Amino acid sequence: MKLYYMPGACSLATHILLRETGATFELDRVGRDKKTESGADFMALNPKGYVPALQLDDGEVVTENVVLHGYVADSKPEAKLAPAHGTRARLKQDELAVFISTEIHKGYSPLFNPAITEDGRKAAIDRLSSRYKLIEQLLSDGRSYLTGENFATVDAYLFTVTNWSNMLKVDLSAFPKVMAFQKRVTARKAVQDAMIAEGLIKAA
Ligand SMILES: N[C@@H](CCC(=O)N[C@@H](CS)C(=O)NCC(=O)O)C(=O)O
């Protein structure tokens, strides 16, 4: 498998999950010009032009965060990154995954626009805060991860998009449980290894 990624982008979640499962995979960085580090034309591989894109061993390219997270988890059930399909636990995890995708991940999108106005920025942050409030409530029973004590696909995804709060100067101090969650996930070996591989942090 080959994961097409941009450093620190949402593709980091799939990258973390691949490492959590111990999968064998290659990385290929996609540049702003849509050329990849290996010299491929990313638009030809994935006309959507965005990451993550996962090229399977037979050459097929699959996209969309939530789908890739489920695919990686289902390819190694022993890693317990997602419950079995058809169970109530999977239904609830999928609900959370789509919430992170549509409400939090895409909630950050306006903040990446350098032309955003102060009012636009405030509105985007207010909206994000209302979503983080729900995550804070979910974590308020003392659970370590979003679905309990087990690290799951949704944890890699929430961690990845919440990591943008640093660069975008979104103050999350009103959400101490979310901040503790970020620290907890950062400490995982797969997360450290993925961040080092993407050049986001230096090896200790
Ligand atoms: N619907 C896609 C959206 C992916 C997405 O937003 N990717 C961003 C990085 S986080 C990207 O590649 N942006 C660069 C671009 O659109 O050119 C998914 O959920 O996988």
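Let's start at G22, which is exposed because just 10 other C-beta atoms lie within 10 Å (exposed means 12 or fewer such atoms, buried 20 or more, and partly exposed in between, with C-beta atoms placed from the backbone). G22 sits in the loop between α1 (11–21) and β2 (26–29); helices (H or I, at least four residues) and strands (E, at least two) are DSSP runs, numbered from the N terminus. From G22 to Y132 there are 110 residues in sequence and 31 Å in space, C-alpha to C-alpha.

Keep in mind that this is a predicted model, in which local features need pLDDT of at least 70 and side-chain atom pairs count only at pLDDT 80 or more, while totals for chains, interfaces and linings use all residues. Residues are numbered from 1 along each chain as its sequence is written.

Now step back to the whole chain. Its domain assignment, which is automatic or from a database, gives domain 1 (2–79 + 190–197) and domain 2 (88–188). Their C-alpha centres lie 21 Å apart. Each side brings residues to the contact: 13 from domain 1 and 13 from domain 2, where contact means C-beta atoms, placed from the backbone, within 7 Å. On the side of domain 1 that touches domain 2, α1, α3 and α9 (189–197) each give two or more residues, and α3 gives the most, with five. That side has nine nonpolar, four polar and no charged residues (Ala, Val, Leu, Ile, Met, Phe, Trp, Tyr, Cys and Pro count as nonpolar, Asp, Glu, Lys and Arg as charged, and the others, Gly among them, as polar).

Next, look at the ligand. Around it you will find M6, A9, C10, G49, Y50, V51, T63, E64, N65 and S101, each with its C-beta atom, placed from the backbone, within 6 Å of the ligand. By class, this shell has five nonpolar, four polar and one charged residues.

Finally, some backbone details. Most residues other than glycine have a negative phi, and most peptide bonds are trans. The peptide bond from V51 to P52 is cis, with omega near 0 degrees, and P52 lies in the loop between α2 (42–45) and β3 (53–55). K34, in the loop between β2 and α2, has a positive phi of about 65 degrees although it is not a glycine. K34 is partly exposed, because 15 other C-beta atoms lie within 10 Å. K169 has a positive phi too, of about 55 degrees, and lies in the loop between α7 (164–167) and α8 (176–186). With 9 other C-beta atoms within 10 Å, K169 is exposed.

Key. Contact = placed C-beta atoms within 7 Å.
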